[in-house]
Amino acid sequence: LGATVVFDPHDPGTTARILEETRGVGVDVVFHVAGSAEAFTQGLDCLRKQGRFMEMSSWAGAASLDVNRHLLKETQLRMVFGYDMFDDFPAVLALMADRKIALTPQITARIPLDSAVTEGLGGLLEGREGLVKVLVKP
């Protein structure tokens, strides 16, 4: 979808590779949308000094943060709910209707309605390889 470099967050060397790619500086902005403690820490570790960390996911439990480390880095931490259903959804639907958003590349599976629970939700919960956006056909 236009990314120039992609990293696997499960690879133990990802943080080092990101820092190498940025010549040790780190990235300007991290959008954390996983609700994962591991990805939270990894994202913070990849930030440059005065970098911005956007937390956009809900969590099942509490997060842990080394405040002193990020105070010294002057990390900007912002909590963002992600969307406003009364303003954002109609705007996105209008962009979709005008075909200004390419939706097809984002769909990783197409399934019938009677498979929505077992194949759709079940596959997502199991973390089935390559399954991200599932289109359910009624």
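Helix H2, which spans residues 37-45, lies across strands E1 and E2 in this predicted model. Compare its direction with that of E2, and you will find the helix running at about 150 degrees to the strand.

Now follow the strands themselves. There are 3 of them, and they form an open sheet in which the order is E1-E2-E3 and the pairing is parallel. Strands E1 (27-32) and E3 (76-79) stand at the edges; each has a single partner strand, so one side of each is left without a neighbour in the sheet. On average, neighbouring strands of this sheet are turned by 15 degrees against each other, direction ignored.

Let's look at how E3 is held in this arrangement. Strand E2, residues 47-55, pairs with E3 in the parallel sense, and the pairing runs over 4 bridges. If you would like a residue to find on screen, try Arg52: its bridge partner in E3 is Gln76.

From here, turn to the surface. Leu65, Val67, Leu71, Leu77 and Met79 make a nonpolar surface patch of about 490 Å². Two elements, helix H3 (67-72) and strand E3, give two or more residues to this nonpolar patch. So which helix does Val67 lie in? Val67 lies in helix H3. And is Val67 buried or exposed? Its relative accessible area is 53%, and because exposed means over 50%, Val67 counts as exposed.

Strand E3 therefore turns up twice on this walk: it stands at an edge of the sheet with a single partner strand, and it is one of the elements giving two or more residues to the nonpolar patch.

Methods
Residues numbered from 1 in each chain as written. Predicted model: local features only at pLDDT ≥ 70, side-chain atom pairs only at ≥ 80, totals over all residues. Heavy atoms only, no water. Pairing = 2+ DSSP bridges. Axes fitted to C-alpha atoms, helices over the stretch in contact; angles between N-to-C directions. Contact = heavy atoms within 4.5 Å. Patch = residues over 30% accessible without salt bridge, like charges linked within 9 Å, V, L, I, M, F, W, Y side chains within 5 Å. Areas by Shrake-Rupley, 256 points an atom, 1.4 Å probe, with all protein chains shown as cover. Salt bridge = Lys/Arg side-chain N within 4 Å of Asp/Glu carboxyl O. Buried < 20%, exposed > 50% of the residue type's maximum accessible area, 1.4 Å probe, protein only.
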